Amino acid sequence: MERLRVIGGHRLTGQIRISGAKNAVLKLMAASLLASDVTIIQNVPRIRDVEIMVKVLQSLGVEVTWDDRSTLRLDPRQGIHYSAPDELVREMRASVQVMGPLLTRLGRVKLFQPGGCVIGQRPIDLHLKGFQALGAEVVEEHGYVYVQAPKLRGAEIHLDFPSVGATENIMAAAILAEGTTVIRNAAKEPEIIEEQNFYNRLGARIRGAGTDMIRIEGVSRLQPKPIEYTVIPDRIEAGTYMLAAAITGGDLELEEVIPEHLESLTAKLREAGAEIVTAEERLRIRVGRRLSAVDVTVLPYPGFPTDLQPQIAAVLSLADGTSVLTENVFGSRFRYVDELIRMGANIRVEGRSAIVKGVPRLTGASVIAPDLRAGASLVVAGLAAEGETILEGVAYLDRGYEAMEQKLQAVGADIRRESDAPVETEMVV
Ligand code: UD1
């Protein structure tokens, strides 16, 4: 069992280099299933979710090798299967992103139903409705979802909610469909633009990603050529470190970021009193005084990201005044609140909102990360809390943050990883 030990009260100063985006790389890896030649992906973060996606792709028949520490080579030329092992799908919901590419490539896909997850109900009904609109037959039985379509046809699809995963899966499924597909109320996340660009490099004809209407003109075949693609920086990792700097009254420069992807957070932090300066691929945040309370409403991109909501709650728990955080994307994303309360925060959850009354100080405590971003929130809180915070559930952090404690140590944080020493038994003779 591993845990993090954080001793709070150190200002973060210096530079942090941001890794490739988890939520982009996982989808690019899935998208490579549509290539008939090798795909090389650069700037890949070494995180657990990437390892799981490697296993998913290997189970489907892709040959996966690391060319160097951050470069993945994916070779699907041995042939691809239509079903991945249940335990991998169970372990990582993002495995469902192989559905669209497999449906296009093989005309069928079978996966274990991913079901709910700790941050709320996460159905895939919008993905499946999209496949059906394109002419696929969907059967859900015995815990599996089976989708098949000997022939897909372009369609007009209106999403009830701008789901990131559904937009991506439907986009992939429409690439070789006959005629044109239009996805309305599409998700606008930057990761979707990356996928559009990747597929277009393969010969697809997609435009509109980044807006709420994506148009896919079906093509008869994709080009059998190798592709090299570099993953964009992780805006959620960058946002987490901005909030870590903010809570410690630090002065931090982030390298290899796209400041435009962080505008909703930058606006909120400036409103609260932080000084933020951006340049191409760099962002500097300085906080010289106690931050003021601000209200935050979580919305799909370009709104404030749900994946930074727990971390900003930690920062606002020390701000001057009362903040209201409203979560509009996931149902159960306040599971970190009880842990922050254990550290001295004053937070009350009412339905989809958390009312955060700023307190003058937090105190270190033993806490447990209930999910990935909640874990990040507790690290952020621990960096400012008086004394020692022991965080369990570190495996969650490893799913999405590359070398988190090394990056934080390098800018002055007192944080280290510990594991239970193996029990030593003395041999009695
Ligand atoms: C992705 C991100 C996740 C982020 C989320 C929202 C990845 C690997 N994960 O998740 O980090 O928090 O976007 O920005 O990229 N919904 C339905 N039916 C569906 C699909 C979704 O009701 O078929 C609902 C979900 O329950 C949720 C909301 O839509 O309440 C948003 O989900 P979605 O945008 O699909 O998130 P993911 O793609 O799963």
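**Exercise 1. Is F112 buried or exposed, and what is its relative accessible area?**

Before we start, keep in mind that this is a predicted model.

Step 1. F112 has a relative accessible area of 15%.

Step 2. Buried means under 20%, so F112 is buried.

Step 3. Now try Y144. Its relative accessibility is 25%, so Y144 counts as partly exposed.

**Exercise 2. Work out how the rings of F112 and Y144 are arranged, and which parts of the chain they tie together.**

Step 1. Start with the total: the count of aromatic pairs comes to 5.

Step 2. For F112 and Y144, the ring centres are 5.9 Å apart and the planes stand at 80°. Planes over 60 degrees apart count as edge-to-face, so that's what this pair is.

Step 3. Find the two residues in the chain. F112 sits in strand β6 (residues 108-112) and Y144 in strand β8 (residues 144-148), so the pair ties together parts that are 32 residues apart in sequence.

Step 4. Compare another pair, F334 and Y336. Here the centres are 6.4 Å apart and the planes are at 55°, so this pair is tilted. F334 is buried at 11% relative accessibility, and Y336 is buried too, at 1%.

Step 5. Look for a cluster as well: ring pairs link F198, Y199 and Y229.

**Exercise 3. Describe the partner of strand β8 and the turn that joins the two.**

Step 1. β8 pairs with strand β7 (residues 137-141) in the antiparallel sense, over 5 bridges.

Step 2. Y144 turns up again here: in β8, it is the bridge partner of E141.

Step 3. β7 and β8 form a hairpin with 2 residues between them. In that turn, H142 has a positive phi of about 55°.

**Exercise 4. Put the strands of the open sheet in order, then place the helices that pack on it.**

Step 1. The order of the 4 strands is β4-β5-β3-β13, with mixed pairing.

Step 2. β4 (63-68) and β13 (227-230) are the edge strands, each pairing on one side only. From one strand to the next, the twist averages 20°.

Step 3. Zoom in on β3 (residues 39-42), which pairs with β13 in the parallel sense over 4 bridges. One bridge joins T39 to I227 in β13.

Step 4. Add helix α2 (residues 48-60). This helix packs on the sheet and touches β4 and β5 (71-75), its direction making about 140° with that of β4.

Step 5. Add helix α7 (residues 190-201), which lies across β3 and β13 and runs at about 165° to β13.

**Exercise 5. Decide how helices α4 and α6 are oriented, and say what kinds of residues meet.**

Step 1. The axes of α4 (residues 99-106) and α6 (residues 164-174) come within 7 Å and cross at roughly 10°.

Step 2. Angles under 35 degrees count as roughly parallel, so α4 and α6 are roughly parallel to each other.

Step 3. On the α4 side you'll find M99, G100, P101, L103 and T104, which meet N169, A172, A173 and A174 in α6.

Step 4. Sort these contact residues by type: 6 are nonpolar, 3 are polar and none are charged.

**Exercise 6. Which residues of helix α9 are buried, and what do they pack against?**

Step 1. In α9 (residues 263-272), the buried residues are S264, L265, T266, K268, L269 and A272.

Step 2. They pack against α8 (235-247), β15 (275-279), β16 (282-286), β17 (296-297) and α10 (309-316).

Step 3. After α9 comes G273, with a positive phi near 120°.

Key. Residues are numbered from 1 along each chain as its sequence is written. This is a predicted model: local features need pLDDT of at least 70, side-chain atom pairs count only at pLDDT 80 or more; totals for chains, interfaces and linings use all residues. Side-chain values use heavy atoms; hydrogens and water are left out. Two strands pair if DSSP finds at least two bridges between them. Axes are lines fitted to C-alpha atoms, for helices over the stretch in contact, and angles run from 0 to 180 degrees between N-to-C directions. Contact means heavy atoms within 4.5 Å. Angles under 35 degrees count as roughly parallel, over 145 as roughly antiparallel, 65 to 115 as roughly perpendicular and the rest as oblique. Ala, Val, Leu, Ile, Met, Phe, Trp, Tyr, Cys and Pro count as nonpolar, Asp, Glu, Lys and Arg as charged, and the others, Gly among them, as polar. Rings of Phe, Tyr and Trp (its six-membered ring) pair if their centres lie within 6.5 Å; planes under 30 degrees apart count as stacked, over 60 as edge-to-face and the rest as tilted. Buried means under 20% relative accessible area, exposed over 50%, partly exposed in between (1.4 Å probe, protein chains only).
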